[in-house]
Amino acid sequence: MLRIDDTISLEDWEITEQFVRASGPGGQNVNKVATAVELRFEAARSPSLPGPVKARLKRLAGRRWTKEGAIVIQCDETRSQSRNREIARERLAELVRKATVVPKRRIKTKPTYGSQQRRLKAKKERGEVKSLRGRVRGDE
């Protein structure tokens with residue numbers, strides 16, 4: 001069981017881990033040992049997560065969210081299988097923690113009268129500078 005916070009904990013059946021060979025440098029260790037972990041969390045079917053949290057989680061997961069509604073996290077940072085497994089679980093927990101935070105609603109505000117006047121003054125000055133860039137007319 002993966003504990004996220006006081007109210008949310010993910011059951012073992014919701015998380016599957018598959019170990020694969022890591023890519024990149026590492027010599028014989030990379031060729032022989034399956035140290036990279038591919039963690040799969042069935043988020044859409046999870047009874048542990050409320051609906052709004054699932055929606056935010058889908059948005060936060062981005063490309064890691066599959067069509068079936070699972071989150072796939074890959075980790076091949078270290079040579080140790082157990083450490084990669086811990087890192088992947090930490091990433092999943094952090095992602096779910098971020099999804100539990102309800103974003104603050106934006107309150108519409110009007111620009112102040114002074115800021116409007118400053119903007120218009122700056123636009124007028126800039127227009128005057130640009131108008132002076134035209135062709136110079138000499139005495140004819």
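This passage describes the nonpolar core of a predicted model and two of its buried residues, I71 and N84. Residues are numbered from 1 along each chain as its sequence is written, and side-chain values use heavy atoms, with hydrogens and water left out. Because the model is predicted, local features need pLDDT of at least 70 and side-chain atom pairs count only at pLDDT 80 or more, whereas totals for chains, interfaces and linings use all residues.The largest nonpolar core (a set of buried Ala, Val, Leu, Ile, Met, Phe, Trp, Tyr and Cys residues joined through side-chain atoms within 4.5 Å) holds 24 residues, of which L10, F41, L49, L57, I71 and L92 touch the most other members. Two or more residues each are given to this core by β4 (36-41), α2 (51-61), β5 (71-75) and α3 (81-100), where helices (H or I, at least four residues) and strands (E, at least two) are DSSP runs numbered from the N terminus. The largest share, seven residues, comes from α3.

I71 lies in strand β5 and has a relative accessible area of 0%, so this residue is buried (buried means under 20% relative accessible area, exposed over 50%, and partly exposed in between, with a 1.4 Å probe and protein chains only). Not counting residues up to four places away in sequence, I71 is in contact (heavy atoms within 4.5 Å) with L39, R40, F41, A43, L57, A61, R64, W65 and L95. I71 and L39 are 32 residues apart in sequence, and their C-alpha atoms are 8.0 Å apart in space.

N84 is placed in helix α3 and likewise counts as buried, because its relative accessibility is 0%. The side chain of N84 reaches the backbone oxygen of T35 at 3.0 Å, and, with residues up to four places away in sequence not counted, N84 touches T35, A36, V37, C75, D76, E77 and T78.

Definitions and conventions: Polar contact = N/O pair within 3.5 Å; in protein donor to acceptor, adjacent residues only side chain to side chain.
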